[in-house]
Structures are given as C-alpha cells and as structure tokens.
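Hi,

Here is the structure I promised to send over. Have a look at it first, then read on for my notes.

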Amino acid sequence: MPCLHRVLKLGRSLPCIWRGKCYSSGNEPAESNRVTPMLRHLMYKIKSTGPITVAEYMKEVLTNPAKGYYVHQDMLGEKGDFITSPEISQIFGELLGVWFVSEWIASGKSPAFQLVELGPGRGTLTADILRVFSQLGSVLKTCDISIHLVEVSQKLSEIQALTLTEEKVPLERDAESLVYMKGVTKSGIPISWYRDLKDVPEGYSLYLAHEFFDVLPVHKFQKTPRGWREVFVDVDPQASDKLRFVLAPCATPAEAFIQRDERREHVEVCPDAGVIIQELSQRIASTGGAALIADYGHDGTKTDTLRGFYGHQLHDVLIAPGTADLTADVDFSYLRRMAQGKVASLGPVEQRTFLKNMGIDVRLKVLLDKAGEPSAKQQLLGGYDMLMNPQKMGERFHFFALLPHQRLHGGSQERNACQSKTPSSSVAGFDELVWQ
C-alpha cells in the first residue's frame, strides 16, 4: 500500500497544467456562500503549495485541530446537520446490544470483554447498549466489561461523558495521555477515551463502528483517455474566493489503490479505512471478538458519492468549508479486501434485513404495549418507519461484520453473505437471531 504522506507530497509538486472541472454536489444556500475561516486557511495552503487531494481537503475540513467541523461543533440531532439511527429510536441501539451479547455467547463467553466504539457521536448508541447489558445482568454477571471510546473531538467527548458517566464520580483527564479521559458509567462500568484505535488495549473486544467509515477521507479518481487521473481541489481562477475540482495532469501514487480490473469510470478509495480494517482484523484474529460496521454504502458498484450536509440538506462540498458535514459512501468490497483473509467477513446486508433478523418487530410490539401516551406510540412507529422503510434508511444503510474464522467453522476461506455459500454457524442479524 503506498504511503499516504507521499501521495500528498507529490500532489504539491505536480506541474501546474491542471484541467479545471467545476461541479456541485448539492444545493448552495445563499447564507453559506461565504468566506469561512476554513476557506481562508485552505486558499492560503493551496496558493502556497499547490492543489490538494480530495482526501487532504476532507481531512482539513473535518478534523483540523483549529477549525475542523468535527472538532468544535455538535453536529448531531435536529439542530445539527444530520440525525443518526440511535437518535431516531432506542430500538436500534438495543438490538445492537443484543447482537454483542449474542456474539459473546456464541464465541464461548470470554471472562472479560471490551466494548470499543469508533466515533461514538453523542454517546446515545453506547447508552442504549449499556441498558441492554444491565437488563441481561444475569447472563453477564461473571463477565468483566469495560467501555473504550475512540473520539478525536473534544466537544463530542464532553457530550459523551454527560450522556454516559456517573456524575458523582469525577472524570480523570490527561490531555497528554493516550487515554485522555477516564470515568465510570452510570451502571458502574469503567469507561475510557482515546484518539486512536491503536491506543486501545488489546484483548477480547467487541468493536462497533456506526456511521464512522463514511467520514474518513477519500481519494477520488476519474478515468480519462490517458488513464486514471486523481481529482484535486484548487482555487478557482475565475473567482478568487471559491474552490474548484481539477484533474491531475499525470498519474499519482494513490492510483495504486485502484483495482486493476476496475470497470467504473469514477472511483473513490479510502486508505484510512483500509488501515483501520487491517488493525481490527489483526486484533480479532489474535485475541478474538468481533467487529460490527453499520453505514451507508455499496459493494463496489457506486462512483461519485462525496457530498455535504448542512441543516439536513444537501450542500455543495466546496462551499463554506468547515460549516457542513462531508461524507462518502463506504465501499464494503474494499473493506473486505483490506481484511486480507485474516478474519471472516459477513455482509453487507441491508439495515432492514439485519434489524428484522434481530427481532425489531417483536421489540416494537413490546414497547407499543408499554407506551401509554398516543404521542409515545407515534414516536415509536415513526422511528421504526425511518429505520426500516426502503425509501428511508432501510435499504440505504448496511451492516458488515468481521469475525474469527473459527467462529464460522469455515476454515481459512472468508465468506461473503452475498454469495451462495453460507456459514456453517449462524450469526445473528445476518441470519435470524437464535439464543444458544
């Protein structure tokens, strides 16, 4: 795999024979078409060193320590730019909690496990999962559980702490430490925060990545008569306060990420996702556990998926950078390749299929029977519709899992849930849930 830093360095030294191409990814609200601090920073950077890759653009816009979108804003919920499944219905997180307990049981009931969530948002999903752990206390009573959250945003980590920790137990903070915050959850479970997955202690772990991979930086490529050309971001010569997309004049090292038999005209690849999948695969193969990934994406079929969201509306990715979320669909076929056969992979399966297999209909009926107020019932039904409706999240979001080969009794060959062969041992969500 080529070095990402070398890719970025080459992008700065390419000849200045750039082919400009301006196109929009969404609507351009008048109030957002302004010069933001991030735009000034990017224009200075580009004018100083040359056009930058789309991956570097996304990284700067989303996670720049001084001006990044994720670093300083609470972008979730009705007042933010998007709403995630845990914010829509408690059922979603509860069923994921059941999935993790089911996997823990199926893999032999390890005496201890770490629940590790990548990009925990407001902490709502972990809170729902912990509620399930408490409800299944008789099953988990002999297990030593700890929570580990990987979060780069100081703002979001503070919100997560408010959601999850016991107020009476003060948080331990150390900005210089790999574990920059520690505490105890409201149910008495140790909880720690990290900036990088590699800093999380190794050991039997259950990993969760919900709407995490879609915000990792992607490199974009366009097929031309002269071969693949990477898409870069440049200052628009026709308007000094605007940015535009341009094609690199020659091949770049990042082209190595493209499959030799690639048939699409436009592709997006995410080296950071590959690195994380390789880390997860190595850990699961070495110490056991499982990883559950839920995101919107495709199995190597889509092309140009990069887009922005501002106030729940599509937003041009190059307008007012730093004020809107940037996202690109996850290529699950790429994640599967990056596992390199170290672990088995399942999926992707549509969210509505996964949740139905997990028993969402049964859980909905229980909650409806308990709900007294008509408004509460309406909220439950509305949340169910958003999660399951094919026109909403039901078909757009997918679930993908990484498991040890021995968990599926399938030898060393990885299995894909989309193929005709099925695992000899069922896995909840990808098959109907069966308690053992």
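Below is what turned up when I went through it, from the overall picture down to single residues.

One thing up front: this is a predicted model, so please read everything below in that light.

**Overall picture**

The protein has 15 helices and 19 strands. Of its 436 residues, 56% count as buried. Taking contacts between residues at least 6 apart in sequence, 75% of them join residues at least 24 apart. The accessible surface comes to about 19200 Å², and carbon and sulfur atoms account for 51% of that.

**The cores**

The largest nonpolar core holds 60 residues, and Trp99, Phe113, Phe354 and Phe430 have the most contacts inside it. Helix α6, residues 90-106, is the top contributor to this core, with 10 residues. If you want a place to start looking, try Trp99: leaving out residues up to four places away in sequence, it touches Ala290, Leu292, Phe354, Met358, Ala401, Leu403, Val427, Ala428, Gly429 and Phe430. Apart from that core there is another one, with 54 residues, including Leu118, Val231, Cys270 and Ala328.

**Helix α9**

Next, a helix with plenty of buried residues to click through. In α9, Leu156, Ser157, Ile159, Gln160, Ala161 and Leu164 are buried. An α-helix has 3.6 residues a turn, so residues three or four places apart point the same way. The buried residues of α9 pack against α7 (124-135), β4 (144-150), β6 (179-184) and β7 (190-194).

At the N-terminal end of α9, Ser153 acts as a cap, with a side-chain oxygen 3.4 Å from the backbone nitrogen of Lys155. Ile159 sits in this helix, which spans residues 154-164. Its relative accessible area is 13%, under the 20% cut-off, so Ile159 counts as buried. Ile159 and Gly123 are 36 residues apart in sequence, yet their C-alpha atoms are 7.4 Å apart in space.

**A buried Asp without a salt bridge**

This is the bit I thought you'd enjoy. Which side chain of opposite charge is nearest to the buried Asp214? That would be Arg307, but at 6.9 Å away, and Asp214 has no salt bridge. Asp214 is found in the loop between β8 (205-210) and β9 (219-224).

What Asp214 does have is polar contacts. Its side chain makes one with the side chain of Tyr296, at 3.4 Å, and another, of 2.7 Å, joins the side chains of Asp214 and Thr327. Thr327 and Tyr296 are linked as well, through a side-chain polar contact of 2.5 Å. Beyond four places away in sequence, Asp214 touches Asp295, Tyr296, Leu326, Thr327, Ala328 and Val330.

Thr327 belongs to strand β16, residues 325-327. Its relative accessibility is 0%, so Thr327 counts as buried. Again leaving out residues up to four places away in sequence, Thr327 touches Asp214, Tyr296, Thr305, Leu306, Arg307 and Phe309.

**Salt bridges**

How many salt bridges does a search of the whole structure find? It finds 21. A few to look at:

- Arg307 and Asp329: their side chains meet at 2.7 Å, N to O. Arg307 lies in strand β14 (residues 307-310) and Asp329 in the loop between β16 and β17 (330-331), so this pair ties together parts that are 22 residues apart in sequence. Arg307 is buried, at 11% relative accessible area, and Asp329 is buried too, at 8%.
- Arg244 and Asp234: these side chains meet at 4.0 Å, N to O. Arg244 is in strand β11 (residues 243-247) and Asp234 in strand β10 (residues 227-235), so the pair ties together parts that are 10 residues apart in sequence. Both Arg244 and Asp234 are buried.
- Asp385 and Lys392: the closest N and O atoms are 2.5 Å apart. Asp385 is partly exposed, with a relative accessible area of 29%, and Lys392 is partly exposed as well, at 36%.

There is also a network: Glu94, Asp128, Arg131 and Arg363 are joined by salt bridges that share partners.

Shout if anything is unclear.

Cheers

Technical notes
Residues numbered from 1 in each chain as written. Predicted model: local features only at pLDDT ≥ 70, side-chain atom pairs only at ≥ 80, totals over all residues. Heavy atoms only, no water. Core = buried A, V, L, I, M, F, W, Y, C linked by side-chain atoms within 4.5 Å. Buried < 20%, exposed > 50% of the residue type's maximum accessible area, 1.4 Å probe, protein only. Helix = DSSP H or I, 4+ residues; strand = E, 2+ residues; numbered from the N terminus. Contact = heavy atoms within 4.5 Å. Lys, Arg positive; Asp, Glu negative; His and termini not counted. Polar contact = N/O pair within 3.5 Å; in protein donor to acceptor, adjacent residues only side chain to side chain. Areas by Shrake-Rupley, 256 points an atom, 1.4 Å probe, with all protein chains shown as cover.
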